[in-house]
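Here's a quick tour of a protein model, meant to be read with the structure open beside you. Grab the viewer and follow along.

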Amino acid sequence: MAADGGGGGGGERRLPPHSPSGPVLQTVEMHTGGEPLRIIPRLEAAEEAAAAGGLSLLSLRREVAATQDHVRRALVHEPRGHAGMYGAVVVRGGAAAAGAHLAALFLHGAGYSAMCGHAVLALGRFALDYGLVAAPSRPETAVRLRCPCGPVTAFVPWDGRRSGNPVRFHSVPAFAAATDLAIDVPDHGRVVVDIGYGGTFYAFLSAEQLGLDVCSSKTRDLVNAASAVTEAVKKQFKLHHPESEDLAFLYGTILTDGKDAFSEEPTTNICVFADEQVDRSPTGSGVTARIALQYHKGLIQLNQTRTFRSSTTGSLFTGKAEAKFGDYNAVIVEVSGEAFYTGTATFTVEEEDPLKHGFFFK
């Protein structure tokens, strides 16, 4: 079933007054575990750049950041978005997609990510419902996605008419970049962190090391402390990625309840990424990185499933190390969660609007 995102109910939808030369941006709105995803099904400028230059997805990410960043700001920032908004630009065809059903560029308040697990779970459903997979199979369809960090595969329930939940995905190779790393954090002293890669790099530590409780402390206090850790790690530890230095950046810090040893009980965390943005979900790429760290430390075995809870919404993801992969003691991680549609939207711009490309307010 290929949805059209139209208005239904008879009569043509009328747009408000807008600039004839300005963009009319249509989106599909979803959330995964409470974390929003504003999907831009097509951005012609991105597809033209990908086709004309034969760009890889990482190269296209740089090109879009340089030439189309007004689109990100218009859709993610206020007044159309908010400080917690997240987006994805769907790219089809060309070297960027490289044989996948679709490629995606991930947008947040401060820029562009290399990986986003909650978005992959949502995009898996979107790909089936909006006709990006020619012949979905029952009861589950594999959807091949290309992310800036590399290829991932989502597995999406399909009943012959529409997609369903839960959705799961298999990650890019995930690994431990550093363990038991001592970092000096202003106003908090010396703490010990682990750094894991799950499509992007995160620092992990228990909130207790910062005098906080991930379940009961004020979110503002958790955000401030996590942000301080992020900045301290950036200054004191140099990251390296074996395939591309474009991926060698610290995306954020995830504060946990410290329950890293295998247990049937959920472990709770909060992810603070980019410019103090808070993930409402348990964070798909964070779950990936944390599973890789736990496997590296011998705390879990292959195919032992753990449940991860978001401290902000209580939503749950599961994760397990599926298989070992190559060097770095890397593993392929399976992450599972639920994604839901919340609507569609059409956004316009009036040229004389001084805030037409949005504003960022924390």
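The count of cavities of 30 Å³ or more comes to one in this structure, which is a predicted model. That cavity has a volume of about 80 Å³. Let's start there and then work outwards.

**The cavity**
- How many residues line the largest cavity? There are 14, and Cys116, Tyr202, Tyr251, Asp279 and Thr283 are the ones nearest its centre.
- Three elements each give two or more residues to that lining: helix 5 (117–129), strand 13 (267–273) and helix 7 (284–296).
- Sort the lining by class and you get seven nonpolar residues, five polar ones and two charged ones.

**Two residues with a positive phi**
- Thr283, which we just met in the cavity lining, has a phi of about 80°, a positive value even though this residue isn't a glycine.
- You'll find Thr283 in the loop between strand 14 (277–278) and helix 7.
- Is Thr283 buried or exposed? Its relative accessibility is 2%, and buried means under 20%, so Thr283 counts as buried.
- Ala274 also isn't a glycine, and its phi is positive too, near 50°.
- Look for Ala274 in the loop between strand 13 and strand 14.
- Ala274 has a relative accessible area of 30%, and partly exposed runs between 20% and 50%, so that's the label Ala274 gets.

**Two cis peptide bonds**
- The bond running from Glu78 to Pro79 is cis, and its omega is near 5°.
- Pro79 sits in the loop that links helix 3 to strand 3 (87–91).
- Asn165 and Pro166 are also joined by a cis peptide bond, this one with omega near -5°.
- Where is Pro166? Check the loop between strand 7 (150–157) and strand 8 (167–170).

**Helix 3, a mostly covered helix**
- Helix 3 spans residues 69–76, and six of its eight residues are buried.
- Which ones are buried? They are Asp69, Val71, Arg72, Ala74, Leu75 and Val76.
- Here's a handy bit of background: an α-helix has 3.6 residues a turn, so residues three or four places apart point the same way.
- What covers the buried residues of helix 3? The cover includes helix 2 (57–67) along with strand 1 (25–32), strand 2 (35–40), strand 4 (102–108), strand 5 (111–113) and strand 18 (339–347).

**The whole chain**
- Zoom out and you can pick out seven helices and 18 strands in the protein chain.
- The chain's radius of gyration is 20 Å, close to the 21 Å that the globule rule gives for 362 residues, so the chain is as compact as a globular protein of that length.
- Along the principal axes, its C-alpha atoms fill a box of roughly 60 × 50 × 40 Å.
- Of the chain's 362 residues, 53% count as buried.
- Take the contacts between residues at least 6 apart in sequence: 65% of them join residues at least 24 apart.
- The chain exposes about 15,100 Å², with carbon and sulfur atoms supplying 49% of that area.

Methods:
Residues are numbered from 1 along each chain as its sequence is written. This is a predicted model: local features need pLDDT of at least 70, side-chain atom pairs count only at pLDDT 80 or more; totals for chains, interfaces and linings use all residues. Side-chain values use heavy atoms; hydrogens and water are left out. Buried means under 20% relative accessible area, exposed over 50%, partly exposed in between (1.4 Å probe, protein chains only). Helices (H or I, at least four residues) and strands (E, at least two) are DSSP runs, numbered from the N terminus. Contact means heavy atoms within 4.5 Å. On a 1 Å grid over the protein atoms alone, a cavity is a set of points where a 1.4 Å probe fits but cannot get out, and a pocket is an open set with protein on both sides within 12 Å along at least five of seven lines; lining residues have an atom within 4 Å of a point. Grid points are joined across faces, edges and corners, and a volume is the space filled by probe spheres set on the points. Ala, Val, Leu, Ile, Met, Phe, Trp, Tyr, Cys and Pro count as nonpolar, Asp, Glu, Lys and Arg as charged, and the others, Gly among them, as polar. The radius of gyration is taken over C-alpha atoms; the globule rule is 2.2 Å times the number of residues to the power 0.38. Accessible areas come from the Shrake-Rupley method with a 1.4 Å probe; for residues, only the protein chains shown count as cover.
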